[in-house]
Amino acid sequence: MTPRRVAELIAAYGAATERWPQAERAAALAVLERTPALRAEFEQAAVLDAALNRWPCPAPQLDAVALAAHVSAAPRPRAAVRRPFFKLSSFGWPNAAGLAAAALAGFLVGWSGLDADYSGAQTDSVDQQVVASVVEDATW
């Protein structure tokens, strides 16, 4: 047993030696008797223990039946409540129907090729004719 371990015991368990681990208690008390610095630390811990013991315990003392009733009346945490991933009633069926219609329309346009430009050569010549006629009108 080292003086450092005795200091750790005092810091962890206080001056009440009955709270110290039983396997280390006898050796710690022997080291405590030989070391004056540890005795001073032990006395300071005893003063602190006495001050703490004067404070009333804020927790109510419940018997087993009252404790069981108190625990069963406590609300369950929200994480324990199993909820569905997608709840249609909270999202609204009109929103779901609109999303489905938009997805279907996008699929049909992409599949049918309505977005492809098949008349590229014709539009170039038509565009050039329109531009040429506008330029002629402007210069006239």
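**Figure 1. Read along its sequence, this protein runs α-α-α-α-α-α-α.** What you're looking at is a predicted model. Its secondary structure adds up to seven helices and zero strands. Of the 140 residues in the protein, 11% are buried. The protein exposes about 11,800 Å², and carbon and sulfur atoms supply 63% of that area. Now for the contacts along the chain: take those between residues at least 6 apart in sequence, and 45% of them join residues at least 24 apart.

**Figure 2. Here we zoom in on helix α1 and its buried side.** Residues V6, A7, L9 and I10 are the buried ones in this helix. They sit on the same side of α1, because the arc they cover around the axis is only 155°. Turn to the face pointing away from that buried side and you'll find the exposed residues R4, A11 and A12. So what covers the buried residues of α1? The cover includes α2 and α3. Just after the helix, look for G14, which follows α1 and has a positive phi, near 85°.

**Figure 3. This view shows α1 alongside α3.** The axes of the two helices come within 10 Å and cross at roughly 5°. Angles under 35 degrees count as roughly parallel, so α1 is roughly parallel to α3. On the α1 side, the contact is made by P3, V6, A7 and I10. Their partners on α3 are L38, E41, F42 and A45. Three names here may ring a bell from the previous view: V6, A7 and I10 also belong to the buried residues of α1.

**Figure 4. The close-up here is of an aromatic pair, W20 and F42.** A search of the whole structure turns up one such pair. How far apart are the ring centres of W20 and F42, and at what angle do their planes lie? The centres are 6.2 Å apart and the planes are at 85°, so the pair is edge-to-face; planes over 60 degrees apart get that label. W20 lies in the loop between α1 (3–13) and α2 (22–34), while F42 is in helix α3 (residues 36–54), so the pair ties together parts that are 22 residues apart in sequence. Is W20 buried or exposed? With a relative accessibility of 2%, W20 counts as buried, because the cut-off for buried is under 20%. As for F42, you've met this residue already: F42 is among the α3 residues that make the contact with α1.

Key. Residues numbered from 1 in each chain as written. Predicted model: local features only at pLDDT ≥ 70, side-chain atom pairs only at ≥ 80, totals over all residues. Heavy atoms only, no water. Phe/Tyr/Trp six-rings, centres within 6.5 Å; stacked < 30°, edge-to-face > 60°. Helix = DSSP H or I, 4+ residues; strand = E, 2+ residues; numbered from the N terminus. Buried < 20%, exposed > 50% of the residue type's maximum accessible area, 1.4 Å probe, protein only. Contact = heavy atoms within 4.5 Å. Areas by Shrake-Rupley, 256 points an atom, 1.4 Å probe, with all protein chains shown as cover. Arc of directions from axis to C-beta. Axes fitted to C-alpha atoms, helices over the stretch in contact; angles between N-to-C directions. Parallel < 35°, antiparallel > 145°, perpendicular 65-115°, else oblique.
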